[in-house]
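Ready to work through a protein fold by hand? Each exercise below sets a task and then walks through a solution.

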Amino acid sequence: MINIAIVGGGPNGLYFLNGLLSVFKELDISKGLSLTLFDKHGYFGSGWPHSPAQAKTSMLNRIVGQIAFAPDKTNGTSQNYSESTRVTFNEWLNKKYQATQDKRYQLNADDFPTRELYGESLVEIFQDLVTELRQAGIVVNLIKDSVEKLTKDKGKYQLVSAQKPDGDEFDMVMLATGHQESEDNFYLAPFLKKHTEYYNFAYPLFDVPHWKEKRIAVIGMGLTAIDTLLYYTENKGGRFYREKGKLQYQPGGNEPARLFALSRSGYFTYSRPHNAKEVDLAKYEHQGYFFTRSLIDQMRQNLGAPAHKESSAENHKLQLDFDLHVFPVLMLELQLCYYRILFGHEVLAIMMAESRPLVEQFIAGSRAFNSQKETAINWLTQAPQRLALEAIFLIRRYLNEGKASHFHGVPIEALVKRFVYVVSGQSAPEHEALHSFTRSALAQPGPWEHHREPENHLFNWDMIVDPIKHMDLPSGISWREKLLAFMHWDRRQSEQGNLDNPYKGACDDVFRDLRQTVVYAVDFGGISPASYNNMLKDFYAVHNRAANGNCIELMEKIEALIAADIVDVTYAKANIQIQDEKVWLHSLSDAGNFTNVDAMIDAKLHNFNVRKAKNGLFRGLIEENVASYWIHKDQRGVEGATSGFNLTRNFQLINAQGKKERLFCVGQPSEGIMFFQNGSIRPNVNHHVANDVLACMVAVKKELEVMLESQKATLLITD
């Protein structure tokens, strides 16, 4: 009997289970196999983040049309994956609605679902998958228990759990544990614990004892914090209603005495734009103008610095610098996408033609262009910046004087029509005088609340990083009023969508569609340790805020909670102090304000860290020598601060002797050596999560073949 354990019953556990079924079919085996799945909460298929017991106020930040359950033909997969999993979430919803006529299943492809609804689909598909495995003769055990330790003896792995301290024995173990609670992620946590009720992890969402009497500070203003704030408001009986077009909040009487939202930036994640790309992914999914894998390869060859000889064997031998090499090309890509949306494809073609020789010189290796971050950015973006200035001047002359001209051979009328459409939402009629139409269109209030003047539409990176600084707001108003003004404006931009709004579209094109190109540059020590740390601290934070936020509907609810004075953002940028045995919030966003709190919840999902993981299972792998730390050093011996596992490119753990173990992990525990490992499979885009599972199964198949050969040899000797 070959015994395989999967630790974690969420989506990654489902992906592993499905992948194993595929491998079993390829090897034509079914007898003598036992699969055991452990899940701490017993939510098999969904895990706790998406469990059907999840509050209905918690929503995914991904639309219905972007969710699948298994690799598909774009991943080059075989048909051995279970038929029950080869459906998209959209197809599952349509099937459920046809069967039940229940309107909760009646969602469009561009709608955002609740976590619990996605969880319902995961549970149902998981159950079908387990049934298929059992019908094939494979033993499947589902155990609600927390695995706390792994040891190895005579080639076998023993899993020690809360219910079985003596452990169970397995031939192979697969870790699909998802997000992990860490000890004291927040640097002040050890001190805060002594002076207030401090909660280190927000999930599963929970009730602070006697919450109605307490002033609760929520650390973080991202997706987890939004789930937490809605849990303590709408989930507790409050309701949202619309009055004169504006969303309002009516308290239910069960809210905490006060809710405070805190973050380093002072901003909630920005709203996710309406996704218009799903109608034709082949046409609209951005593939990269210059920021491509081939460019990364060329830069690595020409600009990369040697990695230290002690770095992990799987690492790249040459390291780029994120700030000097990768980020400047991202900035060029952002500007090209931005101006394509604002001025049209003909202008894009001109900007690309003039940028190409600059890119070629940049990647050739001359330090004159890439020795400093600002120098590199200025060099690469000089063409779009210069051409954009020329374009807005010609548009201004046309608007003022009706002056016909050409922009590098393109009639200025083409640029004017596109600009007016983006700003006002109005298309120029075929047979109407363009000049009078544009003046009329720009004189009217537009639905997206854009500036009417072309001079206000030059690309500005700081408008993505810290937009309030660049908004025309009255002086002397509070941070609360500033943030509400920004959130209202940001929501209007999102309503315009990711094809027609320059900032939202550019961020969607680069931060989302090209995310895997960033991963390609960064994974396996692809950038220097120092720049890796800077990327996590600076770029990744902006990336998450600008492109990884939640839907318009949810962010409008947060606006309403702030406007109703239920969520207090006075201390969004907080100086946290401990005095008189109390925890105080001192506002850095509204000078002169301070207050105290009764409880604090760390509502951030922190990067995986083996050393700080609360579950001793992960540190135990290192202590048992069945896993080793990823080593990331530059040529001077400077080592990265990350604390992750050393893995092969097939997600197989490497032990202290540098050998591969029959241990695998995907998702968050693989972070460090690999970047951005969270997420669910997307359909029809050759998605990286599906590719990760397929890569892992290649190694799993090899290990199974070795075990099967060993069994055959043992039988021959016995006979």
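**Exercise 1. Find out how many residues of strand 2 (residues 33-39) are buried.**

Step 1: get the terms straight. Strands (E, at least two residues) and helices (H or I, at least four) are DSSP runs, numbered from the N terminus. Buried means under 20% relative accessible area, exposed means over 50%, and partly exposed is in between, with a 1.4 Å probe and protein chains only.

Step 2: count. Seven of the seven residues of strand 2 are buried, so the strand is largely enclosed by the rest of the structure.

Step 3: look at the two faces. In a regular strand the side chains alternate between the two faces of the sheet. Here, Leu33, Leu35, Leu37 and Asp39 sit on one side, Ser34, Thr36 and Phe38 on the other, and all are buried.

A note on what you're looking at: this is a predicted model, where local features need pLDDT of at least 70, side-chain atom pairs count only at pLDDT 80 or more, and totals for chains, interfaces and linings use all residues. Residues are numbered from 1 along each chain as its sequence is written, and side-chain values use heavy atoms, with hydrogens and water left out.

**Exercise 2. Work out which strands pair with strand 2, and in what sense.**

Step 1: two strands pair if DSSP finds at least two bridges between them.

Step 2: take strand 1 (residues 2-7). It pairs with strand 2 in the parallel sense over six bridges. Isoleucine 2 has leucine 33 as its bridge partner in strand 2, and asparagine 3 has serine 34.

Step 3: turn to strand 3 (residues 139-144). Strand 2 and strand 3 run parallel and are joined by six bridges. Threonine 36 stands opposite asparagine 141 in strand 3.

**Exercise 3. Put the strands of the sheet in order and name the ones at the edges.**

Step 1: read across. Six strands form an open sheet in the order 3-2-1-7-23-22, with mixed pairing.

Step 2: check the ends. Strand 3 and strand 22 (652-654) stand at the edges with a single partner strand each, so one side of each is left without a neighbour in the sheet.

Step 3: add the twist. On average, neighbouring strands of this sheet are turned by 25° against each other, direction ignored. For angles like the ones coming up, axes are lines fitted to C-alpha atoms, for helices over the stretch in contact, and the angles run from 0 to 180 degrees between N-to-C directions.

Step 4: lay the helices on. Helix 1 lies across strand 1, strand 2, strand 7 and strand 23 (660-665), running at about 155° to strand 1. Helix 3 packs on the sheet too, touching strand 2 and strand 3, and its direction makes about 140° with that of strand 3.

**Exercise 4. Find the backbone oddities in three loops.**

Step 1: know the usual picture. Most residues other than glycine have a negative phi, and most peptide bonds are trans.

Step 2: go to proline 204, in the loop between strand 8 (197-199) and strand 9 (215-219). The peptide bond from tyrosine 203 to proline 204 is cis, with omega near -15°.

Step 3: go to glutamine 101, in the loop between helix 2 (89-100) and helix 3 (115-135). Its phi is positive, about 60°, although it is not a glycine. Glutamine 101 counts as partly exposed, at 47% relative accessibility.

Step 4: go to aspartate 184, in the loop between strand 7 (172-175) and helix 4 (189-192). Phi of aspartate 184 is near 50°, again a positive value in a residue other than glycine. At 22% relative accessibility, aspartate 184 counts as partly exposed.

**Exercise 5. Find how many disulfides there are in the whole structure.**

Step 1: a disulfide is a pair of cysteine sulfur atoms within 2.5 Å.

Step 2: searching the whole structure turns up zero disulfides. For cysteine 551, the nearest cysteine sulfur, that of cysteine 507, is 18 Å away. Cysteine 551 is buried, with a relative accessible area of 3%.

Step 3: try cysteine 696. Its sulfur is 8.1 Å from the closest cysteine sulfur, in cysteine 665, too far for a bond. Cysteine 696 is buried as well, at 0% relative accessible area.

Conventions:
Contact means heavy atoms within 4.5 Å.
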